[in-house]
Amino acid sequence: MILACQNISKSFADKTVLRNVNFHIEDKEKCAIVGINGAGKSTLLKIILGQEEADEGKVVLAKDIRLGYLSQHQDISFDCTVMEAMQEAKKYIIEMQEKIRSLEGLMQHAEGDQLESILESYNRLQTKYDRENGYAYESEITGVLKGLGFSTADYDRHVNSLSGGQKMRIALGQILLQHPDLILLDEPTNHLDMPSIEWLQGFLSSYPGAVIVVSHDRYFIDHVATQIVEIDAGNSSVFHGSYSFYREERAKIRTARIKAYMKQQDEIKHEEAVIAKLKQFNREKSIKRAESREKRLDKIEVMEKPTEVNAEMRLRLTPSQESGEDVLTVEHMTKSFGDNVLFRDIAMDIKRGEHVALIGGNGTGKTTILKILNRMMARDEGTVTIGSHVQIGYFDQEHQDLDPNKSIFDEMSDSYPDMNNTKIRNVLAAFLFTGEDVFKKIGDLSGGEKGRLSLAKLMLSPANFLILDEPTNHLDIPSKEILEDAIRSYEGTILMVSHDRYFINQTATRIIELRNKVLTVYKGNYDFYEEHKEQLYQLQNGNNENADTNQSTTKAGFTVVSTEAYASETKKSGKEEYQASKESYAAQRKRENEIKRVEKKIDADETRINEIDEEMSLPENGTNVALLAKLAKEQEELNAELEGLYEKWEELQALAE
């Protein structure tokens with residue numbers, strides 16, 4: 001066991017945040033702490049770190065463990081370059097390296113006992129250096145920087161010139177490079193794009209130490225965590241498994257809790273009614289019986305109202321009219337801003353009832369496409385055809401549909417003047433706007449509150465084609481799950497942009513990826529996309545990342561599409577089929593040549609490693625410390641290169657198959 005939290009309780013003023021929280025973390029275990037906003041997750045991390053003091057209970061840490069912590073609002077200021085900041089995390093390795101070089105210099109001029117003493121120190125330091133993987137520290141730094149989205153051109157940039165998000169990435173990179181025994185991360189994915197999140201996901205999954213993470217990114221948690229600790233109304237519950245397992249088990253447990261709570265409430269109400277009736281009789285015996293019942297009622301331990309009963313948002317989206325079969329057709333569409341071409345000659349079509357997720361890197365043009373479809377922005381070229389009886393409902397992540405000078409109630413009543421006050425109140429209550437909250441000015445609302453209000457307006461619209469731009473932004477996990485349930489059961493058509501991979505996985509029936517100005521279509525959810533994305537992209541574009549193509553390939557239940565080929569996929573001529581077959585054969589030959597090249601390099605590296613073994617075993621080299629160190633370093637580098645070559649060979653073989 002590396003960590004145990006025992007009966008941790010914490011209150012601020014008259015609000016209890018944590019109540020008898022209990023859980024423990026084993027060595028190498030990956031734990032996620034989940035709960036609604038304000039549940040006390042960050043407070044719990046600070047108590048573990050000793051930055052906050054618990055009112056009751058204690059934190060037990062294993063002896064001599066090293067902790068690494070990334071907070072949500074970390075104060076970051078490094079008076080150095082990006083590379084220097086990362087090297088600071090490996091300072092002890094660099095110092096060891098310098099000491100080793102110094103000892104090698106001393107050995108050139110030492111003799112007798114002095115040489116023996118230096119050799120002893122050198123061997124001891126060399127062993128420690130090897131154990132700490134010192135020879136690979138530079139490649140480890142560049143690997144972490146690349147994984148976190150930094151290019152080679154960023155290495156010499158001064159840290160203080162970076163954005164806040166980039167500085168947070170530097171702080172995260174330093175923690176990962178220090179290899180603490182226990183890493184604590186508070187919302188680590190907030191400042192990462194999808195490729196960086198996926199890299200961090202893989203890094204933490206295989207990390208040899210223990211990890212505690214607080215995150216609203218459920219897909220990230222699902223692929224990293226082996227234990228879930230839920231904080232709900234101050235209480236903790238532990239689930240041993242992934243996030244998906246936790247979600248299923250939690251639903252079962254909370255359904256049972258709700259039933260038990262409602263049953264107890266009915267029993268209490270019944271008992272109170274009996275007591276009131278006995279007192280009405282106003283006789284000595286009846287009053288005594290009432291008093292006896294009151295004493296018994298006072299001894300009942302009243303259950304706390306479960307969260308779902310206390311505050312529950314239920315979203316129901318029902319199209320008022322069915323659209324035609326063809327909802328949206330886009331052909332030859334191009335959009336540029338000056339010299340920056342976002343996409344060129346793209347095509348897509350969406351049928352009635354489809355739930356399509358449009359994904360891609362930051363700045364690729366996803367939101368621009370949504371704005372063009374919603375006639376908020378002009379396209380440079382191409383056509384956009386909206387089908388018959390299609391009514392668009394648009395959710396804008398910037399909430400431009402809301403008037404900041406109006407109150408919540410006025411916004412709703414002005415948007416739907418035929419709706420009476422009671423109906424407006426009921427709809428707002430469903431989105432957690434109750435009492436005097438409905439008279440708050442929109443300009444004073446938080447991002448999450450604005451998002452809920454926009455969703456409330458969307459719910460009442462007659463739309464049958466919803467275009468959603470980041471609908472889960474600022475929503476906590478329970479609210480996201482409610483929105484997911486609504487979208488899954490929605491019979492209309494949806495096109496959405498979201499960075500929430502779990503949300504996409506739960507709601508999308510088709511994925512369209514915008515990468516390098518072309519579209520790739522995956523007929524499935526996000527898991528299917530993750531499994532096939534590189535294979536399908538290569539089938540479309542080969543090894544040229546910037547190539548545009550009009551080819552379309554169908555295979556094993558998915559479709560890869562670029563430009564107008566999507567609209568006319570089933571109308572290929574014999575000439576096009578021949579061309580597609582020819583290009584496929586050429587790509588296969590290219591892969592086979594690449595396999596041969598990699599195999600040749602593997603043979604060369606293995607031969608050289610064997611040669612080094614023979615050189616190191618020669619008697620005349622036994623006392624040549626400098627030569628032995630040089631050979632050992634070369635062998636270490638060759639072994640690292642071989643590992644990468646083996647992985648590359650396996651990837652090529654899988655692709656060839």
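## Strand E8 and the cores

User: Which residues point one way from E8, and which the other way?

Analyst: In this predicted model, Gln227, Val229 and Ile231 point one way from E8, while Ile228, Glu230 and Asp232 point the other way, and all are buried.

User: What makes strand E8 mostly covered?

Analyst: Buried means under 20% relative accessible area. In E8, residues 227-232, 6 of 6 residues are buried, so the strand counts as mostly covered.

User: How do you know that E3 and E8 pair?

Analyst: Pairing takes at least two bridges between the strands. E3 (residues 30-34) and E8 have 4 bridges, in the parallel sense, so they pair. One of the links is between Cys31 and its bridge partner in E8, Gln227.

User: And what makes E8 and E9 a pair?

Analyst: Here 5 bridges join E8 to E9 (residues 235-239), against a cut-off of at least two, so they pair as well. These two strands run antiparallel, and Asp232 has Asn235 in E9 as its bridge partner. Their hairpin has 2 residues between the strands, and Ala233 takes a positive phi near 55 degrees there.

User: Why is Leu453 said to touch Leu428?

Analyst: Contact means heavy atoms within 4.5 Å. Leu428 is listed among the residues that Leu453 touches, so the two have heavy atoms within that cut-off. Others that Leu453 touches include Leu402, Phe433 and Ile442. Both Leu453 and Leu428 are among the residues with the most contacts inside the largest nonpolar core, which has 107 residues. Helix H6 (residues 164-178) gives the largest share of this core, 7 residues.

Notes:
Residues are numbered from 1 along each chain as its sequence is written. This is a predicted model: local features need pLDDT of at least 70, side-chain atom pairs count only at pLDDT 80 or more; totals for chains, interfaces and linings use all residues. Side-chain values use heavy atoms; hydrogens and water are left out. A nonpolar core is a set of buried Ala, Val, Leu, Ile, Met, Phe, Trp, Tyr and Cys residues joined through side-chain atoms within 4.5 Å. Buried means under 20% relative accessible area, exposed over 50%, partly exposed in between (1.4 Å probe, protein chains only). Lists of a residue's contacts leave out its neighbours within four places in sequence.
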